[in-house]
Amino acid sequence: MPDSADLDLRLVRYFVAVAEHRHFGRAAAALRVAQPSLSRQIRRLEQQMGARLLDRDPRGTRLTEAGEVFLPRAEALLRSAAEATAHTRAAAQPGRVTIGYTPGLIVTPAVRQLRRRHPDADVRAVHVAWNEPREALSGHRVDALVTRLPLATDGMHVTVLYAEPRVLVVSLDHRLAGRESVTLDDIADEPLPRFPDSDPVRSAFWRLEPRPGGRPAPDGPVIEALEDKFEIIASGQAVAIAAGSHTGGLRRDLTTIPIEGVEPSRVVLVTRADERSRLVAAFREYAQTLLTGPAVRG
């Protein structure tokens, strides 16, 4: 058995990706490597570990008993490496901060204010995919993130910025188009799009589940990208639930209707709980003042 110091973090990252996707092809696509190369790297890791970690079968890929034991430790190892790198860079470059934002949200006013008040700082704003907010923070790709709940917030500091109503998105020729509002009963039989491998809590929030009586929402087509959702809605295959401000740039063949009796979507600023950056603290202050709703200007 090799010493633990000999473990290649790149190979560990590849293993975690395959374990998460339960499929070599999907993991290779996410990692942007060729599938044969990924298979070879996993074999190298298994040789280093002295144990088989993954088994393939016609239905996909599963963890062996050794793989189940290694996975949480591999994830912890990657987190520790990311934290060590981030803290070292922060010490070397104390004037750098990266602000993330997920689709449909605006951070410009607070980012501008941060740059004005801290002209010597390197302030960056980056888009984060709708399904990667926690990974972006825990992996230290961003130092602060403006996103929407629900979100797993253990180990995170959360500041609620504002709330916005949830609305129903339908095609212009849909039977409900033109209504002043709708209820859950009105949309009980309307199919909603599904995202593969979506977080169950997030999925339930945006599908308004469970419905009264425990009935789930009818399933619509499975989609890979947000853009596909609007095409499916426009073609009459499904409707969707969205945050009110996220629909300002809708296609002209779609419209929205307020939904009665459902809690609003909440926009939040999320940081790591152990974050001590003065720039992050300043951005939190500016976000609370300037990011107050969809009508923000900067």
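**Exercise 1.** In this predicted model, find the place of aspartate 197 in the chain, decide whether aspartate 197 is buried or exposed, and name the surface patch residues that go with Asp197.

*Solution.* Begin with the secondary structure, where aspartate 197 is found in the loop that runs between strand 8 (192-194) and helix 7 (200-206). Next, take the relative accessible area of aspartate 197, which is 74%; because exposed means over 50%, aspartate 197 counts as exposed. Finally, look at the charges: Asp197 forms a negative surface patch together with Glu224, Glu227 and Asp228.

**Exercise 2.** Follow the chain onward from helix 7 into the loop before strand 9 (219-222), and state which residue there has a positive phi although it is not a glycine and where a cis peptide bond lies.

*Solution.* The residue with the positive phi is leucine 208, at about 55°, and leucine 208 has its place in the loop between helix 7 and strand 9. Its relative accessible area is 9%, and since buried means under 20%, leucine 208 is buried. The cis peptide bond joins glutamate 209 and proline 210, with an omega of about -5°, and proline 210 also has its place in the loop between helix 7 and strand 9.

**Exercise 3.** Examine the loops on either side of strand 5 (144-148), and describe the backbone at histidine 140 and at proline 150.

*Solution.* Histidine 140 lies in the loop between helix 6 (133-138) and strand 5, and has a positive phi of about 65° although it is not a glycine. With a relative accessible area of 16%, histidine 140 is buried. In the loop between strand 5 and strand 6 (156-164) we find proline 150, which is joined to leucine 149 by a cis peptide bond with an omega of about 5°.

**Exercise 4.** Compare the span of helix 3 (residues 35-49) with the expected span, list the buried residues of helix 3, and say what follows helix 3.

*Solution.* Helix 3 has 15 residues and reaches 21 Å from its first C-alpha to its last, which is close to the 21 Å expected at 1.5 Å a residue. The buried residues of helix 3 are Leu38, Ser39, Gln41, Ile42, Leu45, Glu46, Gln48 and Met49. To read such a list, recall that an α-helix has 3.6 residues a turn, so residues three or four places apart point the same way. After helix 3 comes glycine 50, whose phi is positive, near 70°.

Note on methods: Residues are numbered from 1 along each chain as its sequence is written. This is a predicted model: local features need pLDDT of at least 70, side-chain atom pairs count only at pLDDT 80 or more; totals for chains, interfaces and linings use all residues. Side-chain values use heavy atoms; hydrogens and water are left out. Patches are made of residues with over 30% relative accessible area and no salt bridge: like charges are joined within 9 Å, nonpolar side chains (Val, Leu, Ile, Met, Phe, Trp, Tyr) within 5 Å. Accessible areas come from the Shrake-Rupley method with a 1.4 Å probe; for residues, only the protein chains shown count as cover. A salt bridge is a side-chain nitrogen of Lys or Arg within 4 Å of a carboxyl oxygen of Asp or Glu. Lys and Arg count as positive and Asp and Glu as negative; His and the chain ends are not counted. The place of a charge is taken as NZ of Lys, CZ of Arg, CG of Asp or CD of Glu. Helices (H or I, at least four residues) and strands (E, at least two) are DSSP runs, numbered from the N terminus. Buried means under 20% relative accessible area, exposed over 50%, partly exposed in between (1.4 Å probe, protein chains only). The expected span of a helix is 1.5 Å times one less than its number of residues.
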